[in-house]
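Subject: Structure for your review

Dear colleague,

Please find below the structure I would like to hand over to you. My findings follow it.

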Amino acid sequence: MCGIVGYIGEKKCAPIILEGLKRLEYRGYDSAGISFLNGNSSGVVKSVGKVSMLEEKLENQSLDYSIGIGHTRWATHGVPNEVNAHPHFNTDKSIYVIHNGIIENYQPIRKRLKAEGVEFVSDTDSEVLPHLIDGFIKKGMSLFEAVRYSLNEVQGTYGVAVISINEPDKIIVAKKGSPLVLGLGVGETFIASDVNALIAHTSRIVYFEDNEIAEVYKDRFYAKTITDEKIEKEIIEVKMALDEIDKGGYDHFMIKEIMEQPESIFNSMRGRLLLGEGTARLGGLDGFVERLCDSKRIILSACGTSWHACLVGEYMLEQFAEIPTEVEYASELRYRNPIINPDDTFIFISQSGETADSLAAMEEAKRRGALVLGICNVVGSSIARKSDAGVYTHAGPEIGVASTKAFTSQLVVLALITLLIARRRKVSLVDGMNIIQEMKKIPQKVEKILKLNDQIEKIAENFVDAKNFLYLGRGYNFPVALEGALKLKEISYIHAEGYPAAEMKHGPIALIDENMPAIFIAPKDSVYDKVISNIEEVKARNGKVIAIASEQDDKIDDLVDYVIKVPDTIRMLMPILTSIPLQLLAYHIAVKKGLNVDQPRNLAKSVTVE
Ligand code: AGP
């Protein structure tokens, strides 16, 4: 999704802004632009495509500017072209605006401004902003007040940064529903929509909340609400090493993040397992554990991969915590009349913590009085801040658009929450200790699976030209089938569907022929024999079968075309292990197709529009 980077200080701003925008490339975008100020001169440069193309365009320009704002755009209103790219400006090009989010009432505003004689050059919703601001300035307002008044007129979401040639010592920023942070340096201030973009320069971060606006100078800032109340902002020290957001010698972020899983999984459980008590300690839930354990119902809600984690969580909670559990697409929740009671607990799961659909569903759950918890990876993200309490996954920054290590860490945190509730309800000390022992062995087992990378790469060679794939699993491994199919779709653009294996005979079996590869997730568990019968059914129709099977399963080799063997663990933890070969398979197929695995077409890392 769109990215914002800004700089005000003594240095030349362009290299700083370009570097910041590159750090946001993983979010997905289709065009980029930048505008600068120095005294009473200004400039704006835009390009379609990558930030490197914007960089090329800037090469022959004198860039002696020390205030600037840059943007990467992910098209919502109007095609990706230079005119629609940000920054947008007013008629005399004295005001420049970059905007993330959507202005829902842009059409009536645009119509009114047009009637007043304003000429619009782009098709975007965002372009109304510089013209609105211009109108208030012409009435004698300062830039800050003009932005504040303008934002009071718009409905929708925004993260904005505004500069003006007439007040060239400041940047005005504001936030509602789209993230925005400041980075405080010495005699310089950075602005970004994501802390990753400025962590190379400073660790002193200010997070803005919705409906806040600030006037930012190189050495200070003043914040208010957009309804004009003064506020004090806290400065937070963010600990993140720069190499955590670099590729670390790998070709792509996605493979780096897949390979990091022994460590990220370990980090998700570090300090949280109490072996002697057979339970988990989750400091983020302090004060809310009782209410959680007494819930009449738990509703897990999210989008995409995080929604698949919810499905696994449902199996865990029902098996061990014995609390009725449901899973909701966050994107659907507000569009029906959900029955939500004060003794319900919602758990929202999100890697980014900024997914607009999840945030909207969360507001709804809060409005209806439920306890709202969050499981997030990005520290300080909106979901983390707005939930009553929550647990961080601590998987580290995930840059590849296709979620991998964040997913397995979400499963770890769900297992910890399940253990915490289960031990307070029915599960015995011995059973709790057994779960912990198994959890502790997971990082080593993941290491073992990652050693199969070469074998999986060879298997991938056979499927580069496949047009369709079926992913089949049962019980805990049904959500893994859905997640495996999503991974392949996202980065290889091959059509893939996940199904509960037994559902195959109710329809999808009609698709099976020699051109339809089927991936079975078939570890040795209670449904193993039934899954084997499903495999036989596919083989009888000449389908090609890849099986994810247990290490000690020597029967399956003769039955299937390719087998990837993973170590065993208890059922509730098995999805952590079985999902990893599917991540690797999707990765290698996409790489062999020559595709951009880290930034697949049309996708954004953080989906901040509904
Ligand atoms: C994952 O591979 C996807 N890119 C996508 O489905 C993602 O999981 C979804 O958009 C939710 O994101 P979140 O976890 O940041 O809320």
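A residue is called buried under 20% relative accessible area and exposed over 50%, and partly exposed in between. Please note that this is a predicted model.

I begin with the salt bridge between Glu328 and Arg336, whose closest N and O atoms are 2.0 Å apart. With 40% relative accessibility, Arg336 falls in the partly exposed class. Its partner Glu328, by contrast, has a relative accessible area of 12% and is therefore buried.

A second pair is formed by Lys539 and Asp561, where the N to O distance is 2.7 Å. Because Lys539 belongs to helix α17 (residues 528–539) and Asp561 to the loop between β26 and β27, this salt bridge ties together parts that are 22 residues apart in sequence. Both ends are partly exposed: the relative accessibility is 26% for Lys539 and 31% for Asp561.

In a third salt bridge, Asp344 and Arg297 bring their closest N and O atoms to 2.6 Å. This pair links distant parts of the chain, 47 residues apart, with Asp344 in strand β20 (residues 344–350) and Arg297 in strand β18 (residues 297–302). Here both Asp344 and Arg297 are buried.

Beyond such pairs, a network of salt bridges links Glu145, Arg148, Lys224 and Asp228. The model has a count of 37 salt bridges.

The other element I would draw to your attention is helix α15, which spans residues 453–461. Which of its residues are buried? They are Asn453, Ile456, Ile459 and Ala460. Viewed down the axis of α15, these buried residues fall within an arc of 120°, so they line one face of the helix. The general geometry is familiar: an α-helix has 3.6 residues a turn, so residues three or four places apart point the same way. Asp454 and Lys458 are exposed on the other side of α15.

What do the buried residues of α15 pack against? Their partners include three helices, namely α6 (253–259), α14 (429–450) and α18 (574–592). The strands β26 (544–550) and β27 (562–566) are also packed against by these residues. Strands β26 and β27 appear in the account of Asp561 as well, since that residue sits in the loop between them.

With kind regards

Note on methods: Residues numbered from 1 in each chain as written. Predicted model: local features only at pLDDT ≥ 70, side-chain atom pairs only at ≥ 80, totals over all residues. Heavy atoms only, no water. Buried < 20%, exposed > 50% of the residue type's maximum accessible area, 1.4 Å probe, protein only. Helix = DSSP H or I, 4+ residues; strand = E, 2+ residues; numbered from the N terminus. Arc of directions from axis to C-beta. Contact = heavy atoms within 4.5 Å. Salt bridge = Lys/Arg side-chain N within 4 Å of Asp/Glu carboxyl O.
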